[in-house]
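Q: I'd like to learn how to read a ligand site and a small sheet in a model. Can you walk me through one?

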Amino acid sequence: MKHTDIAVVGGSAAGITAAITARRHYPEKKQLLIRKEEQVLIPCGIPYIFGTVGGPEKNLIPDEVLAKNGIELVIDEVTEVDREKGEVKTAGGETIAYDRLILATGSLPAMPPVPGFQLSNVFPVFKDVAQLRSMQKALKEVSDLVIIGGGFIGVEFADECKKALQANVSIVEMLPHCLMLAYDEEFCAQAEQLLDSRGITPITDTKVARVMGEDRVEGVELAGGRTLRAQAVIVGIGAIANVNLAKNAGLPIGPTGGIVVDRTMRTLDARIFACGDCAEKFSFFGGRPSPLKLASIATAEARIAGANLFGTRRENIGTVGVWSTVIGETAFATAGLTESLAARHGYNYVVGAAEAINRHPGGMPGAHPMKVKLVFEKHNAMILGGQVMGDKAAGEVINAISACVQRRMTAEDIAMFQTGTHPALTASPISYQFVNAAEAAIAALR
Ligand SMILES: Cc1cc2nc3c(=O)[nH]c(=O)nc-3n(C[C@H](O)[C@H](O)[C@H](O)COP(=O)(O)OP(=O)(O)OC[C@H]3O[C@@H](n4cnc5c(N)ncnc54)[C@H](O)[C@@H]3O)c2cc1C
């Protein structure tokens, strides 16, 4: 039997980050990471396998990061956690005794019981090299592809598949707009126009009734009876926490299906922590359970879990919800609450928006418009969230907005920001979007 001070189950975003963090905080401890798969994919890079990157083997997290940090790697599946004995058992017949255990077992694609989802050429998105390789091979033969789900995964798959395949690509989304859980309507409408201009057909406000075919996909029937031609279907409608190990070990599961943890990422068992997609989350806004599952949240939680193993050093503030996507050359990024989410959370709010070219003068190479919209609480002008659309710098601007949200800054704080600008890199200091959006909100508040 093996003995280790720290055992981590899961080798993706959360597992690796938790292990590296534990190494930083507890350099003397013996550590071991157990994961099922031979090769680990960069999860967020999966849609790009189908177009930009070219194949799953070009989208892998290198194992050197573990070796460099003195973390032993065991490739095996953990089948049981014996909490009494402080041991895990694996499918390969090993027993490993631990002092502290981190569960980072992630998530699996959601597959609701829609008729026809069992047919061949229906592809849920597994984070699995072999599955993605066979999916990529099958898609090459397809002339009509239907993607179910118009969230960021569906949109990214659509854009990448359109680039790489000679196929008609449609997205079916049951909400009134694609990307609607993350952006206000005007941003979603812009995203749909872009998809359309790139030859992708978004079909919104529409549910899928069934996938048609005998053994293999032959079409998709929509609610209302309309049918779409399809030889393959990609399902991108969310993820379910992978909690079987924890459940079987008697650890409580929360309202969104994740392992219950406290703010230190500790489970009910003082020696066991959980982080990433498998862990229950709560919102930064009001503290209700949050279903969000993102690699950025997973790694933030992992940095808390890894630091707290032998003494509490960090606490979780809840999920702010920061993420971005890109359609062609246009980025969409969001942090915190949109205007519609602020209304749904019961806030009395005000918004400010500003748009400008991201270079000065506008004739500089790489010029692209960028719009920033910020949402503030009305009674104290505190920022609740922001959205950015346009230049690819949006992916970093949104991280600055997220910092303001987490620090609960006011519109005045942001309007007084000292920003760095450069003709070849940013908007002019006069028209700097982020600051001017705050000024617009201050004017609306007056
Ligand atoms: C197509 C796609 C695109 C995405 N794009 C983004 C993005 O742009 N930005 C973003 O922030 N998020 C994105 N996400 C979400 C992101 O991928 C997840 O939030 C992230 O992967 C969570 O990491 P994790 O380590 O918690 O879980 P996972 O990535 O699910 O990893 C779980 C790990 O646990 C292992 N494991 C599970 N059970 C066992 C067991 N019993 N024994 C041993 N090992 C086990 C697995 O093999 C795996 O290594 C995307 C997701 C998908 C599917």
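Here is a short walk through the ligand site and then a sheet.

A: Sure. Keep in mind that this is a predicted model.

Q: How many residues surround the ligand, and which are the closest?

A: Start by listing what sits within 4 Å of the ligand. Here 33 residues surround the ligand, and the closest are Ser-12, Ala-14, Glu-37, Lys-127 and Asp-277. By class, that shell has 16 nonpolar, 9 polar and 8 charged residues.

Q: Which helices and strands each supply at least two residues of the shell?

A: Helix 1 (13-25), strand 2 (31-35), helix 4 (152-164) and helix 7 (295-307) each do. Helix 7 gives the most, with 3 residues.

Q: What polar contacts should I look at around the ligand's oxygen atoms?

A: Look for pairs of N or O atoms within 3.5 Å. A polar side-chain atom of Glu-37 is 2.5 Å from a ligand oxygen, and a side-chain N or O atom of Ser-12 is 2.8 Å from a ligand oxygen. With Ala-104 the polar atom belongs to the backbone, 3.3 Å from an oxygen of the ligand. As for cover, the ligand taken alone exposes 1000 Å², and the protein buries 91% of that.

Q: Now the sheet: what is the strand order, and is the pairing parallel or antiparallel?

A: In general, strands of a sheet pair through backbone hydrogen bonds, in either direction. This one is an open sheet of 3 strands, ordered 12-13-14, with antiparallel pairing. Strand 12 (208-212) and strand 14 (227-229) are the edges, each pairing on one side only. From one strand to the next, the twist averages 20°.

Q: How many bridges join strand 13 to strand 14?

A: There are 3, with strand 13 covering residues 219-222. For instance, Gly-219 has Arg-229 in strand 14 as its bridge partner.

Definitions and conventions
Residues numbered from 1 in each chain as written. Predicted model: local features only at pLDDT ≥ 70, side-chain atom pairs only at ≥ 80, totals over all residues. Heavy atoms only, no water. Polar contact = N/O pair within 3.5 Å; in protein donor to acceptor, adjacent residues only side chain to side chain. Areas by Shrake-Rupley, 256 points an atom, 1.4 Å probe, with all protein chains shown as cover. Helix = DSSP H or I, 4+ residues; strand = E, 2+ residues; numbered from the N terminus. Nonpolar A, V, L, I, M, F, W, Y, C, P; charged D, E, K, R; others polar. Pairing = 2+ DSSP bridges. Axes fitted to C-alpha atoms, helices over the stretch in contact; angles between N-to-C directions.
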